[in-house]
Amino acid sequence: MQRTDDDRVKDVKIDEIDELLLWELTTNGRTPNNELSRKAGIAPSTCHARIKRLEQLGVIRSINAFVDYEALGFPVQAIVFVRLPASARSQVKSYASRVIQFPQVLNVFHMGGPDDFLIHVACASTGQLRDFVATKLSSEHVVATTTSIMFDHYIGVQHMEYVSGYDEMRRPIR
């Protein structure tokens, strides 16, 4: 029997120290190992080994920079909702694999609900956005697209100084 990503994730054992390291890296991916080890109360070598283990297990998929795309000449960001016909369900993975390779695509989310994909893009102009959606995101397997221009983008963890970790995320909403 072939293992799925869901099976792999179920096998991962994460303790409180791993969670603390993950939280610290989530809120600041540039935190040095010696600072992480101090906060976790473990030796730097142990901290390094734990982080490598989390990377090998796929819990840490990558550590990225949050880029100001406008400063790079891409002042137009948009969310494009894409709907595939029910008959194209077998094309979901191939569509996602194809569109994630376009340089304008920052993120692709496979969704449940009326739309199949939410695609975050950055473009040099509204004209480029229009042409990109019309020629690259639309295909014979696409029923509809809806494009919404982004005015601002707030990254949750950049505004969570008051949150101590994942336990707060697990608490019931009151």
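What follows is a walk through the fold, the cores and a few individual residues of this predicted model.

Residues are numbered from 1 along each chain as its sequence is written, and side-chain values use heavy atoms, with hydrogens and water left out. Since the model is predicted, local features need pLDDT of at least 70 and side-chain atom pairs count only at pLDDT 80 or more, while totals for chains, interfaces and linings use all residues.

Starting with the overall layout, the protein has seven helices and four strands; these are DSSP runs numbered from the N terminus, with helices being H or I runs of at least four residues and strands E runs of at least two. Read from the N terminus, the order is α-α-α-α-β-α-β-β-α-β-α. The radius of gyration comes out at 20 Å, well over the 16 Å that the globule rule gives for 174 residues, so the protein is more spread out than a compact globule. (That radius is taken over C-alpha atoms, and the rule is 2.2 Å times the number of residues to the power 0.38.) Along the principal axes, the C-alpha atoms fill a box of roughly 55 × 50 × 35 Å.

As for the surface, about 11,900 Å² is exposed, and carbon and sulfur atoms supply 53% of it; areas come from the Shrake-Rupley method with a 1.4 Å probe, and for residues only the protein chains shown count as cover. Of the 174 residues, 30% count as buried, where buried means under 20% relative accessible area, exposed over 50%, and partly exposed in between (1.4 Å probe, protein chains only). Contacts (heavy atoms within 4.5 Å) often reach far along the chain: among those between residues at least 6 apart in sequence, 66% join residues at least 24 apart.

Now for the inside. Nonpolar side chains tend to be buried together in soluble globular proteins. A nonpolar core here is a set of buried Ala, Val, Leu, Ile, Met, Phe, Trp, Tyr and Cys residues joined through side-chain atoms within 4.5 Å. The largest one holds 20 residues, of which Val-82, Tyr-95, Ile-119, Val-121 and Leu-137 touch the most other members. Strand E1 (76–83), helix H5 (92–99), strand E3 (117–123) and helix H6 (126–137) each supply at least two residues of this core. A second, separate core has ten residues, including Leu-21, Leu-22, Ala-40 and Ile-51.

Leaving aside neighbours within four places in sequence, Val-121 is in contact with nine residues' worth of company, among them Val-76, Val-80, Leu-106, Leu-129 and Phe-132. Helix H6 buries Gly-127, Leu-129, Phe-132, Val-133 and Leu-137, and its buried residues pack against E1, H5, strand E2 (105–110), E3 and strand E4 (144–150). Phe-132 itself has a relative accessible area of 5% and is therefore buried. With the same neighbours left aside, Phe-132 is in contact with Phe-102, Gln-104, Val-105, Val-121 and Leu-137. Its C-alpha atom is separated from that of Arg-170, 38 residues away along the chain, by 39 Å.

Two other residues make a useful contrast. Ala-71 sits in the loop between helix H4 (44–56) and E1 and is exposed, at 64% relative accessible area. Its C-alpha atom is 30 Å from that of Met-111, 40 residues apart along the chain. Ser-94, in helix H5, is partly exposed, at 40%. Ser-94 and Asp-167 are 73 residues apart in sequence and 36 Å apart in space, C-alpha to C-alpha.
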